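This report describes a sheet and some of the helices around it, beginning with how strands are taken to pair.

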Amino acid sequence: MTGETMANKLRVGMVGYAFMGAAHSHAWRTAHRFFDLPMTPELTAVAGRNEQAVREAAERMGWNSVETDWRRLIERDDIDLIDICTPGDTHKEIALAALAAGKHVLCEKPLANSLAEAEEMAEAAARAAENGVLAMCGFTYRRTPALTLAKRFVDEGRLGSIRHIRAQYLQDWLSDENAPLTWRLDKEKAGSGALGDIGAHSIDLAQWVTGQRIEGVSALTHTFVTERPVGGEFVGLGGHGADADAEKGPVTVDDAAIFSARFSDGAIGVFEATRFALGRKNAMRLEVNGSEGSIAFDFEESNIVHYYDARDDAEAIGFRRIIVTEPEHPYVGHWWPTGHGLGYEHGFTHQVVDLVNDIAAGRQPTPSFADAAQVQRVLDAVERSAENASTWREA
């Protein structure tokens, strides 16, 4: 690696400081305070183009210094890892430069805006790993304890042979047709709409929990609102629109995507991703049905997983509601007493914990860039299918 790595520290440089930057900052600050880590993360520097804004963010989120060019971040000898929290159109350039400079990389999902870019990044990460430089993609929902427990049940064979996968990711923050035109609605910056923004999570989780890869899809995508105000009040991910006469610009991504899929070991799946499901704030749902049982999860009840065991006695059979707050459950024993649930931010902390442990052990963290490129293959197949009257496309 470039520079001398302090034995007990992992010095982090982060690019971007908005929604994901805030979540990642919290995780880097928190992880070593609850988990016994081999290295202590140090919030060394954060980079952003607006000097005043990035300085304010650094002060608020606990970063030691700032840069206004991500290239300067990579050139610094006092940084071991680059954390990429920027829109998808910048991921490839930053990640490739960081890996070439000998920096470990954590990159937000989806890995890139195209399959070609994702494959190039995966190849670069594989080469870097030969020299001990490691890369991970931030599919953070993997670190939700209830979902990690669900995967454990599948891996232990409790569900038998997997037959059905049912995945939905439902949000409503774009339902106001006068919500402003943000970067997430620009294909050049975001790559796709609901498909890549939230559908990518469902794809990753379905493959990770079941241990099966999606091999082909038949898909439909749709854009309900094709123009939006270029101004307006920004709130959260979306916001409130300007008046009806405000200047408008084109929406160039999908608002919703649905597809059916076939998995590598014979299971079949159905997927839905939308940001127009009124009343659904962050309903990321996954249900897996096997020959011996089922599991079901909804992130709006994130501390709960439902488990059905077909081998139970007939008089007592039914879904069990497991509250995943026991110290025996994944990650949970490092937090609060039994029954005191965890939230959205804890997944990011668990991500840091796993990444730091893997770097210290010289072990490939997961999901790797290769794992993330597989998700990108599915996203690409969905888009190709939707563009061709929902015809079947291999992934």
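## Strand pairing and the hairpin

Two strands are said to pair if DSSP finds at least two bridges between them. In this predicted model, strand 16 (residues 293-298) and strand 17 (residues 304-309) pair in the antiparallel sense over five bridges, and a hairpin of five residues leads from strand 16 to strand 17. Within this pair, Ile295 has Tyr307 of strand 17 as its bridge partner.

Strand 17 is also joined to strand 18 (residues 320-323), by four bridges and in an antiparallel sense, with Val305 bridged to Ile322 of strand 18.

## The sheet as a whole

These strands belong to an open sheet of nine strands with mixed pairing, in the order 18-17-16-15-7-14-13-8-19. Strand 18 and strand 19 (393-394) stand at its edges with a single partner strand each, so one side of each is left without a neighbour in the sheet.

Elsewhere in the sheet, strand 8 (residues 214-222) runs antiparallel to strand 13 (residues 256-263), the two being joined by eight bridges, and Leu220 stands opposite Ile258 of strand 13.

## Helices across the sheet

Helix 6 (residues 145-155) lies across strands 7, 15, 16, 17 and 18, and runs at about 20° to strand 17. Helix 10 (residues 369-387), by contrast, lies across strands 8, 13 and 19, running at about 50° to strand 8.

## Helix 8

Helix 8 (residues 194-210) has 17 residues and spans 23 Å from its first C-alpha to its last, close to the expected 24 Å, although the helix bends by about 40° at Ala200. Of its 17 residues, 17 are buried, and just after helix 8 comes Gly211, with a positive phi of about 75°.

Conventions
Residues numbered from 1 in each chain as written. Predicted model: local features only at pLDDT ≥ 70, side-chain atom pairs only at ≥ 80, totals over all residues. Heavy atoms only, no water. Expected span 1.5 Å × (residues − 1). Bend = angle between axes of the 7 residues up to and from the residue. Buried < 20%, exposed > 50% of the residue type's maximum accessible area, 1.4 Å probe, protein only. Contact = heavy atoms within 4.5 Å. Axes fitted to C-alpha atoms, helices over the stretch in contact; angles between N-to-C directions.
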